[in-house]
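Biologist: Hello! Could you walk me through this one and tell me what the words rest on?

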2 protein chains.
Amino acid sequence: MKANGTLYENVARRISGLIESGTWRAGDRIPSVRALSRELEVSISTTLEAYRLLEDQGFIDTKPQSGHYVKARCSADAAQRPRVARPPQDPTSVSVNELVMTILSEGHDPETVPLGAALPNPALLPARKLQRKISAVLRRRPEITCTYGMTAGDPELRTQIARRAVTAGCTLDKDEIVTTTGAQEALNLCLGATCKPGSLVAVESPIFYGILQMIEARALRAIEVATDAGEGISLAALDSVIKKNRISAVICMPNFNNPLGSLMPDEKKKDLVRLLGARGVPLIEDDIYGEIPHGLARPRAAKSYDTKDLVLWCSSFSKTLSPGCRVGWVSGGRFARAIEELKFASTLATNTLSQAAIAEFLAHGGYDHHLRGLRRAAAHQVGSVIQAVRRSFPAGTRIASPAGGFLVWVELPPDKDSLKLHRMAARAGISIAPGPIFSPRRRFRNCLRLSAFFWNERVDRAIDVLGQLAQRA
Amino acid sequence: MKANGTLYENVARRISGLIESGTWRAGDRIPSVRALSRELEVSISTTLEAYRLLEDQGFIDTKPQSGHYVKARCSADAAQRPRVARPPQDPTSVSVNELVMTILSEGHDPETVPLGAALPNPALLPARKLQRKISAVLRRRPEITCTYGMTAGDPELRTQIARRAVTAGCTLDKDEIVTTTGAQEALNLCLGATCKPGSLVAVESPIFYGILQMIEARALRAIEVATDAGEGISLAALDSVIKKNRISAVICMPNFNNPLGSLMPDEKKKDLVRLLGARGVPLIEDDIYGEIPHGLARPRAAKSYDTKDLVLWCSSFSKTLSPGCRVGWVSGGRFARAIEELKFASTLATNTLSQAAIAEFLAHGGYDHHLRGLRRAAAHQVGSVIQAVRRSFPAGTRIASPAGGFLVWVELPPDKDSLKLHRMAARAGISIAPGPIFSPRRRFRNCLRLSAFFWNERVDRAIDVLGQLAQRA
């Protein structure tokens, strides 16, 4: 049991573990609240909270006057999860730009159902509260727009980030942190600090297309490493890749890989950091969804196991507070100074007002309270999308069981073509992210990623339509 | 006479031309207001305005009851101008990072007299007005922080930029414009769109160190091209460089080169664009100071002569409205799409609130009125700094006569060492920008750049101190 969640979260995790391991299967009735309270020696109210959370997460259904039942999506049928890809382990140049730009432009069209790009749902973000913080900063520091911020970032924001890092198991000095124009810039600067043109970067397979675009823009080469939809990148495959190639950096999302939603267990994170540390290979850890576990406490960062200053830990506030502010950060270890220099050459400094307002929000805005709501919403919406897919998509479709974030990875039967589905869906006013943009080799032809940032009847219907289209894709 | 200034500006320019050409020399009494009005057939009030402007610009002194006299700084003694550097015309790798970062950190120390980095003076920027625009946008669009902006930028801001481009002689479609995180990102993306690692870039000599840092970060190589403190880059030298090398791009500041303040005449701009166009070489035009001529109308952009879509025109609002907002832009010609893709990989999108507030300011904020005041301040403060240098610095010192912007380039006698002076000045609490950071080969050892963004007694005294230190440098 994880020590750093609240009690009801730990109870919920224990139960979900039993479900995921197959101890309890779809349709099973789980113990009553009273029975479980006795069994675990916790209060009735704690158990009730845990059951509510499990409901939000889509693990169980509550039937009035009857009891609590394991839902279909959560049955431990591993055969229904997307398969681990076994990519060829040789380097490749990268080019996914054109398709990505198309998908992004669809995302800005209000007529389109936005299941493609990972655009946060404004209704889930604390717009008014952030607005009040912006106004407060402007009142207190009217000249804040009139100066360049420091290249390394707003000192108060860096302090707040260092404080919050403790919840991910990290003890950071604020001087190691550089704020950036979103996590995108953070990752990009990390590549600049660790690689030279032509360098080899090992990436998860599948991996966020934005990272592939950076690799392309910097004229680097990528090697794909097999990644499991449950536990993340394969360490055996990574080890073999590192032994056979001169790898300049590994980019990884141990917490809720985009698109898989996988969560690497803590012990595996430790092994990952040790494996790379032993060979002096920097790990660029993209932790942008780290604050959005599905109801449980924030997972540790791989950075927390870094004893050699070789982990470059990146995240942002774009998915949790404000995408428009473009505020991210990186704790760069031994590369911190190089990152700061590259940032100067790239964008000089980050927006002063946005940084100060976010610092204020972190200090006095009820960020943790907000995150709790966001996590429940993520669990609920991801569960809903998964149910809708299960209901509508062709037989043989496999679906990932994300442990955090707002994304759902779907594997269609092998003969299906997600690029074709993307075109058909676009004509039907629905945006999706086809699998090949998540791979330098354009693998995952029969996969797609759905965003669960939005959940309403329109989305529900759109997934029905997608399911019908998928029959013909 | 330039056609697109107001009448009094044209009168002022005519007189300053006579002074610069040596027709009127230091100490000469120039015609009375009445006499000149008759001579030029303009009203008394127009001539009075022109004389006030010339005073602001530091060309003339007005002695009550006596008349108007040419000031010392403006004597046409070309021998007192900084010499044109004749750099060796072979490529070089670039490395100026460390020194630049030191100078920048000095700029954020409130104890230091800020004559180093080109940090705008908050007192010259319309903080309150911009703040009201920010508040208005937040009221009207409370969710603006909750969405990613489009990668290409806020449509309204792009429209406003396209409208203003007319004053620089350019007719742009807003769809050619990509907004960026300051001009720094704009220039950096332009290098990405035109060059590959190892590519050769021709740069002015001297040139803004930030550009050299981008070249370094992208593993490009630079060739320095002789640049005149009056009229900008030497076309003969550039032509020879292009004939002898495969140049992927030329970066140039035709309007008010940083650090020289030079202004390329319109005919020369036309020739520059033609020269590069004939060989298919892209011109990256850094126009960040284009809106700050010393009292006269905004000069044309080289982009206005671009018939082949080969000029990438970059600027920002950092020197005129808000450095903290980090909003710049580029009109990328045939590279516009590539720039947009690179921007996605670099920072994804620009801050939504800042873009909307600046669009609002351009549309309804009295930007032109504000610019008139800023231009007068620039002329006045640059004139004041030049006078102070002339008074305090060692014999044999040469000073550029900037036609716009807030920067003053100073050439000490050949035996002086500006790196030594930088260290001595730092100990005395004064920041300066030593010459070698403006050159990939660390030339200009006996030169320095002074910022004139601030002018007060403290700055005046600091320049006295610098002058004394320079004797020993």
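Biologist: What share of the 473 residues of chain A count as buried?

Modeller: In this predicted model, 67% of them do. Buried means under 20% relative accessible area, exposed means over 50%, and partly exposed lies in between, with a 1.4 Å probe and protein chains only.

Biologist: How do you know what confidence chain A has?

Modeller: From pLDDT, the predictor's confidence in each residue, from 0 to 100. Chain A averages 91, and 95% of the residues score at least 70. Local features need pLDDT of at least 70, side-chain atom pairs count only at pLDDT 80 or more, and totals for chains, interfaces and linings use all residues. Residues are numbered from 1 along each chain as its sequence is written, chains are lettered from A and ligands numbered from 1 in the order written, and side-chain values use heavy atoms, leaving out hydrogens and water.

Biologist: Which secondary structure does chain A have?

Modeller: There are 15 helices and 16 strands. These are DSSP runs numbered from the N terminus: helices are H or I with at least four residues, strands E with at least two.

Biologist: Why is chain A called as compact as a globular protein of its length?

Modeller: Its radius of gyration is 22 Å, close to the 23 Å from the globule rule for 473 residues, so the description fits. The radius is taken over C-alpha atoms, and the rule is 2.2 Å times the number of residues to the power 0.38.

Biologist: What makes helix H8 of chain B largely enclosed?

Modeller: In H8(B), residues 209–217, 7 of the 9 residues are buried, so the rest of the structure largely encloses this helix. Among them are Tyr209(B) and Leu212(B).
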